[in-house]
Amino acid sequence: MKLGLTTEFDAAHSLPGYQGKCACMHGHTYQVEMVVEGEVGEDGFVIDFYQLKKIIGATLQELDHSCLNDTLPNPTAESIALWIAERLKKEMETTSIRLYSLKLWEGKNKWVLID
């Protein structure tokens, strides 16, 4: 079974070496949609949504209201999504779920998908 959770964080970044507006420091409200997969346990849950919120909250706390260039050398939407996915996988190592997909919106109408 698959479960999904969507949340947001705000951050600033610039794209080094990029020729265009994004070379300058600017900010976005990012939206993250994670979908996890697992078996329904005897308790009736794949995972409690509260637990899932804790996992994604712990992952995004480093990025929220930060300068992404301090964490990633070239913070494109693609590299941000990969960074988030890798950390979510580590956070879920002790659970019975796995990351099925991750979608990251950079503002409105622009997104990347890892599946």
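Asp 10 has its bridge partner in S2, and that partner is Thr 29. This is a predicted model, so please take everything I say as computed from it.

The pair belongs to a longer ladder. Strand S1 covers residues 2-13, strand S2 covers residues 26-37, and 12 bridges join them. The two strands run antiparallel.

S1 also pairs with strand S3. S3 is residues 66-67, and two bridges join S1 to it. What is the direction here, parallel or antiparallel? S1 and S3 run parallel. On this side I would point to Ala 12, whose bridge partner in S3 is Cys 67. So S1 has S2 as an antiparallel partner and S3 as a parallel one. As a general reminder, side chains in a regular strand alternate between the two faces of the sheet.

Now the chain as a whole. There are two helices and five strands, and the order along the sequence is β-β-α-β-α-β-β. The C-alpha trace spans about 55 × 25 × 15 Å along its principal axes.

On contacts: taking those between residues at least 6 apart in sequence, 63% join residues at least 24 apart.

On burial and surface: the protein chain has 115 residues, and 37% of them are buried. The exposed area is about 6,900 Å², with carbon and sulfur atoms supplying 50% of it.

Last, charges. How many are positive and how many negative? The protein chain carries 11 positive and 17 negative charges, and the mean positions of the two sets are 5 Å apart.

Conventions. Residues numbered from 1 in each chain as written. Predicted model: local features only at pLDDT ≥ 70, side-chain atom pairs only at ≥ 80, totals over all residues. Heavy atoms only, no water. Pairing = 2+ DSSP bridges. Helix = DSSP H or I, 4+ residues; strand = E, 2+ residues; numbered from the N terminus. Buried < 20%, exposed > 50% of the residue type's maximum accessible area, 1.4 Å probe, protein only. Contact = heavy atoms within 4.5 Å. Areas by Shrake-Rupley, 256 points an atom, 1.4 Å probe, with all protein chains shown as cover. Lys, Arg positive; Asp, Glu negative; His and termini not counted. Charge placed at Lys NZ, Arg CZ, Asp CG, Glu CD.
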